[in-house]
Amino acid sequence: QVQLVESGGGSVQAGGSLRLSCVASGAMHMPYCLGWFRQAPGKEREGVATITRRGSATYADSVKGRFTISRDNAKNTLYLQMNSLKPEDTAMYYCAAGPVCSDQLADYATWGQGTQVTVSS
């Protein structure tokens with residue numbers, strides 16, 4: 001059973017950067033698909049970016065050109081580099097693992113506990 005632990009969240013001013021990390025443990029092999037999702041207060045959880053084991057990445061339109069997802073399979077770690085942050089990026093960020101990459105939350109069986117990102121204007 002894979003376990004996911006996120007870190008790297010914090011408070012930053014608009015235009016700043018943060019790098020989130022998610023360490024996976026408890027499995028012999030890294031899951032095929034890893035993704036970052038976020039949930040702002042009063043809003044539904046939404047997809048931010050996903051990446052396959054081979055490195056094929058997809059992004060939500062709202063973060064394209066600003067965020068970069070990557071993974072280091074040897075270190076069992078997923079990353080999200082977030083640049084040019086905006087107040088609307090404020091949310092709890094979750095990493096998730098699943099057998100396929102999609103924007104459907106139900107396709108991800110394993111979730112981390114989340115890390116808070118707050119962007120002030």
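Here are a few numbered notes to help you find your way around this predicted model.

1. Let's start with the overall make-up. The chain contains 11 strands and zero helices. Reading from the N terminus, the order of elements is therefore simply β-β-β-β-β-β-β-β-β-β-β.

2. Next, the overall dimensions. The radius of gyration of the chain is 13 Å, which agrees with the value near 14 Å for a compact globule of 121 residues. Taken along the principal axes, the box filled by the C-alpha atoms is roughly 45 × 25 × 25 Å.

3. How much of the chain is buried? Of its 121 residues, 42% count as buried. The chain exposes about 6400 Å², and carbon and sulfur atoms supply 49% of that area.

4. A word on contacts and charges. If you take the contacts between residues at least 6 apart in sequence, 56% of them join residues at least 24 apart. As for charges, there are 11 positive and 9 negative side chains. The centres of these two sets lie 7 Å apart.

5. Now for some individual residues, beginning with strand β5, which covers residues 46-52 and includes T50. T50 counts as buried because its relative accessibility is 8%, under the 20% cut-off. Its side chain makes a polar contact with the side chain of T58, at 2.6 Å. Not counting residues up to four places away in sequence, T50 also touches a good many others, among them C33, L34, G35, I69, C101, S102 and Y108. The residues S56, A57 and T58 are on that list too.

6. Please look at A49 as well, since this residue is also placed in strand β5. Is A49 buried or exposed? A49 counts as buried, with a relative accessibility of 2%. Leaving out residues up to four places away in sequence, A49 touches L34, G35, W36, T58, Y59, I69 and L80. So you will meet L34, G35, T58 and I69 in the contacts of T50 and again in those of A49. For a sense of distance, the C-alpha atoms of A49 and G112 are separated by 15 Å, with their positions 63 residues apart along the chain.

7. Strand β7 spans residues 67-72, and S70 lies in it. At 29% relative accessibility, S70 counts as partly exposed. Which residues does S70 contact, leaving aside neighbours within four places in sequence? They are I51, T77, L78 and Y79. The C-alpha atoms of S70 and G16 are separated by 19 Å, and the two residues are 54 apart along the chain.

8. The contact between S70 and T77 leads us to strand β8, residues 77-82, where T77 is found. T77 counts as buried, at 7% relative accessibility. A polar atom of the T77 side chain lies 2.8 Å from the backbone oxygen of K75. Beyond its neighbours within four places in sequence, T77 is in contact with S21, C22, V23 and M30, and with S70, R71 and D72.

9. To finish, a suggested path for your own viewing. Begin at T50 and its side-chain polar contact with T58, then step to A49, which touches T58 as well. From there, visit S70 in strand β7 and end at T77 in strand β8, a residue that S70 contacts. Along this path you will pass the buried residues T50, A49 and T77, as well as the partly exposed S70.

Methods: Residues are numbered from 1 along each chain as its sequence is written. This is a predicted model: local features need pLDDT of at least 70, side-chain atom pairs count only at pLDDT 80 or more; totals for chains, interfaces and linings use all residues. Side-chain values use heavy atoms; hydrogens and water are left out. Helices (H or I, at least four residues) and strands (E, at least two) are DSSP runs, numbered from the N terminus. Buried means under 20% relative accessible area, exposed over 50%, partly exposed in between (1.4 Å probe, protein chains only). A polar contact is a pair of N or O atoms within 3.5 Å; within protein, one must be able to donate a hydrogen and the other to accept it, and residues adjacent in sequence count only if both atoms are side-chain atoms. Contact means heavy atoms within 4.5 Å. The radius of gyration is taken over C-alpha atoms; the globule rule is 2.2 Å times the number of residues to the power 0.38. Accessible areas come from the Shrake-Rupley method with a 1.4 Å probe; for residues, only the protein chains shown count as cover. Lys and Arg count as positive and Asp and Glu as negative; His and the chain ends are not counted. The place of a charge is taken as NZ of Lys, CZ of Arg, CG of Asp or CD of Glu.
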